[in-house]
Amino acid sequence: MAKKKSTRKKTSTVARKVDSTSSKKTARKKKSTTQRSKERWGKRDDLGAAVDHYLSELPADLNAEGQRLHEMFMELAPNADAAIKWGMPVYSIGTVMAGSIWKGKGYLRLGLYSGAGLRDPQGLLAGEGKQHRHVRIVPGETRWSAVEKLMQQSVALAKRANASD
């Protein structure tokens, strides 16, 4: 038995939309993820804002730890750019990110962008990313000398990477 040939015009798999004024179908161009994200969420109001406001909004028990981390970053890298990016304080040296701070429930996380390459004899670093690692900062339980050594290494790597750019 011979197969019947279809007379229907083949259409692409591009998303289709029915025009409300007619029964014609019109092709709709698919939007990029970035376009959809901007339409849905808009631009963050805090992008590029000062870190002080973020730290002042932290709960009282985390505020002291947040201030201490901020001061340590600024002491280790006085020329670092400290600004809000992705809703959290991010510390950059030139074009290279060195670290970040973000809030969890009852703790802070110190993110170190070059954490995978750091020496960590105390075993504080957590995470399995290609480069990024973090340290959980819990009020009253933090080993500050070990945290400072990790931050020193991270800042040194960021400075070295920025110098080679």
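I began on the outward side of helix α3 (helices are DSSP H or I runs of at least four residues, strands E runs of at least two, numbered from the N terminus): Ala60 and Glu75 are exposed there, exposed being over 50% relative accessible area and buried under 20%, with a 1.4 Å probe and protein chains only. A reminder to myself: this is a predicted model, where local features need pLDDT of at least 70, side-chain atom pairs count only at pLDDT 80 or more, and totals for chains, interfaces and linings use all residues. Residues are numbered from 1 along each chain as its sequence is written, and side-chain values use heavy atoms, leaving out hydrogens and water.

**Helix α3**

I then looked up the buried residues of α3 and found Leu62, Glu65, Gly66, Leu69, His70, Met72, Phe73 and Leu76. They fall within an arc of 160° seen down the axis, so they line one face of the helix; the arc is taken over directions from the helix axis to the C-beta atoms.

**Strand β6**

Next I turned to β6, residues 108-112: five of the five are buried, so the strand is largely enclosed by the rest of the structure. I saw Leu108, Leu110 and Leu112 pointing one way and Arg109 and Gly111 the other.

**Its partners**

I checked pairing, which takes at least two DSSP bridges between two strands. β5 (residues 96-103) and β6 pair antiparallel over five bridges, and Ser100 stands opposite Gly111. Four residues lie between these strands in their hairpin, where Gly106 takes a positive phi near 85°. β6 also pairs with β7 (residues 133-137), antiparallel over five bridges, and there Arg133 is the bridge partner of Leu112.
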